[in-house]
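This report looks at chain contacts, a helix and a sheet. The structure comes first, then the reading.

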Amino acid sequence: MASQQPQASQQRLALGKALEELATRLSEHLKGVATKVEADKRSMVINIEVDRSRILEAAKILSSLGFDHVKSLTGVDYPDKGVIELMVHIGSYSRGLRRIMAILRSKLDRKDPRAPTLTQIWPSSEFQEREAWEMFGIVFEGHPDLRRLLLPEEFEGLWPGRKDFEIPTRKAGEAEEPWK
Amino acid sequence: MEGGLVFIGDLDLTTRKVLKWLMERKPIKDIVEWANAFSLWPVHLMTSCCGVELGAAYAPRFDLERYGSLPFVSPRQTNLIIIEGTLTRKMARVARITWEQMVDPKFVIAMGACAIDGGLFWNSYNVVRANEVIPVDIYIPGCPPRPEALARAILMLQQRIKSRGITRHDLELIEKNLKLEKVEFARK
Amino acid sequence: MVASSIAIEEISKELIQTRDLGVTEEGERLVELQIGPTHPGSGHMRIRVWVDGDIIVRCDPDIGFVFRTIEKLSENRIYMKTIPLVERPSLLDTTPMTIGYINALEKLMGIEPPPRAKYLRTILAELTRIASHLYGIGILAIFLGHSTGFMWGFGDRELFVELANQLSGARITYAYVVPGGVRRDMPQSFPDNVEKALRYMERRLKDWYKIFLNNPVIEDRLREVGVLRKNDAVKLGITGPNLRASGVDFDVRVADPYEAYDELDFMVPVAEEGDAYARTLVRFEEIKQSINIIRDALKKMPSGDIIHPQIARMFNPLMKKIYEETRRVKFPGIFASLKPPKGEATARVEAGRGEALFHIVSDGSPRPYRFRWTTPSYRNVILFKYMIPGHRLADLPAIYGSLDYFPPEADR
């Protein structure tokens, strides 16, 4: 057991170095398209930040490199900065790349969030884009069937994922930890 | 001519009165209540995660079929709804339509903390309370309740039928149509 | 006669266009069926199918009946209170979900649990995986009309649920995994009980093969039904045993190991045909592999702490006494005001049905800023739209049962 500890940490160091190398190679492929490519060694992901107009280009390049499906597509709402950040986790089933994930990020304007659809490149994003639409109001241009997925019709026009849709919390005076 | 008897009166009304009197009398009343108590068949409506414990309750270890209860196919041929777990807005409409289709006398058991008062999901915008949708007879606390608790609920319902007669629900709730309250929220 | 039949055709064409039903080559109307929640073969969802006679032409899953908005609720609660929320949707294999959430949280905090805690988490995860597969097989059996399979599946599952009860104190919702380790150590009689259960399960699997997998009726109903080809599976992003039955050997426990999986010895079963029979076979084989993992983990179990020393340092004297005497962790006050540093973390696990992804965005406060969570059933919903058309209506329960789709997990 004790001998496995330095082995594990050596393995982790080697993995971290490989991840950084991969990040530099990716940033060469994405030169001019991505504004920022950096590796996060703790979570074994590569964060790729693109501008809204370059999303499709970056997606095509990543798809040709071997990333073949979308694991998660959603938005993160930052009302004080006035943006909704589109966050796409992309993965791969091929042998070399299955260990890591790439996160494609792009900042959309909060008043009118629009993004191109990724269903032509990755068909696995069809239902996830529907959910992102009904939660945040992001309109995916070119989506074949953009309608609500999880909520009934009384939620049309209210975007529950945004920060200004508040849900009740405990009233003032009721402690979060009642044993205090 | 020999003597005879002639009936004067409304035959239909008299028959109805005699039937009503007979139903309240001891042997027939007992038989009707026994029949109802030992054929509480729930409909196949799974509302949420406590359905796993419902499935386990009708399985070999906690066999509930020995109390006469058998999950059956359609709302027209069953007389019990077990609401397991959280009722969301979409599912509340379905539960109400299913309950209205059932034939009287019908019963409802609300299983789990979520059916009582929301449980863990009390402040979610998509969750409604069970007793605002259909009138409930028996509540079972727990998250999720053990299958033995469900067995006890069925036994309690049987005893209730025997002691109180076949329950008649609150007419006000039956007559009002289901109107789920508007979604309210605050904009910052 | 002729004029009126032409008029009927015109009317029906108009109706079809306004209601968007779709028309086949002969101009016949399609019929829309709603297989709704109050149906023995549908679960907690509604399946809308458009049929032409008997053949399904289009299928649309209507989900959201169990949508409990867990991602939004977690923004309102402290980190510890999200652990039971994360357990509830996938109620059959709860431990992998809590492991994933706690892994993401531990990556943010920068700590790692001690080795004994990792092995205990792995053992509980594999016990729940066996229980989850037996549930899936039982549901498939009842959809096909094989009620003995249903009874056996649920009856055998009780054994593993009882073992988990001995380890953690509850039947299916354990909340066993806490940041920094686990909540309780295993009792003295636990390894013997586990060994007895595993031996029983190995003998029982041979009976399962006799009555279920080698049963000619089941084979007829499941072979060549619901075929999912390899490049379709990759393109649509399918996960879990459904993917492995189509020829792709992707398993997160091997591709991106977490907890104690990189030190244990097991194989990943893969089938080539991609039909419903292959999916069921892969599940049976995974039960066998889980049995091997549990035996291996019990043999290699290290001794030591079950909670990270940084947290153990914050115990008050009473908690320390309880920990040393009974090896149970009482939560210190730090858990109530846990403030991980600012940043983001991602973690993924292999649940019973596939790969689950967890992503936490933290801004330094005791509540998460954004918690994103994708479950394997949510990624498999797309198969309803693309795989079912072309089959006959009577095959729908067989395909649905073989996918092992659990609606509360997909809706979260």
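Which residue follows H6(C), and what is the sign of its phi? The residue is C:Gly169, and its phi is positive, near 105°. Keep in mind that this is a predicted model.

**The helix.** H6 of chain C covers residues 147-168. H6(C) has 22 residues. From its first C-alpha to its last, H6(C) reaches 31 Å, close to the 32 Å expected at 1.5 Å a residue.

**The contact with chain B.** On chain C, 29 residues are in contact with 30 residues of chain B. Two helices of chain C, H3 (82-87) and H6 (147-168), each supply at least two residues of the side that touches chain B. H6(C) gives the most, with 4 residues. By class, that side of chain C breaks down as follows.

| Class, side of chain C that touches chain B | Residues |
|---|---|
| Nonpolar | 15 residues |
| Polar | 10 residues |
| Charged | 4 residues |

**The sheet.** Chain C also holds an open sheet of 3 strands. Its order is E1-E2-E3, with antiparallel pairing. E1 (31-35) and E3 (55-62) of chain C are the edge strands, and each pairs on one side only. Neighbouring strands of this sheet are turned by 20° against each other on average, direction ignored.

How many bridges join E2 to E3 in chain C? There are 7 bridges between E2(C), residues 46-52, and E3(C), and the two strands run antiparallel. Opposite C:Trp50 stands C:Arg58, in E3(C).

Terms used:
Residues are numbered from 1 along each chain as its sequence is written. Chains are lettered from A and ligands numbered from 1 in the order in which they are written. This is a predicted model: local features need pLDDT of at least 70, side-chain atom pairs count only at pLDDT 80 or more; totals for chains, interfaces and linings use all residues. Two residues are in contact if their C-beta atoms, placed from the backbone, lie within 7 Å. Ala, Val, Leu, Ile, Met, Phe, Trp, Tyr, Cys and Pro count as nonpolar, Asp, Glu, Lys and Arg as charged, and the others, Gly among them, as polar. The expected span of a helix is 1.5 Å times one less than its number of residues. Two strands pair if DSSP finds at least two bridges between them. Axes are lines fitted to C-alpha atoms, for helices over the stretch in contact, and angles run from 0 to 180 degrees between N-to-C directions.
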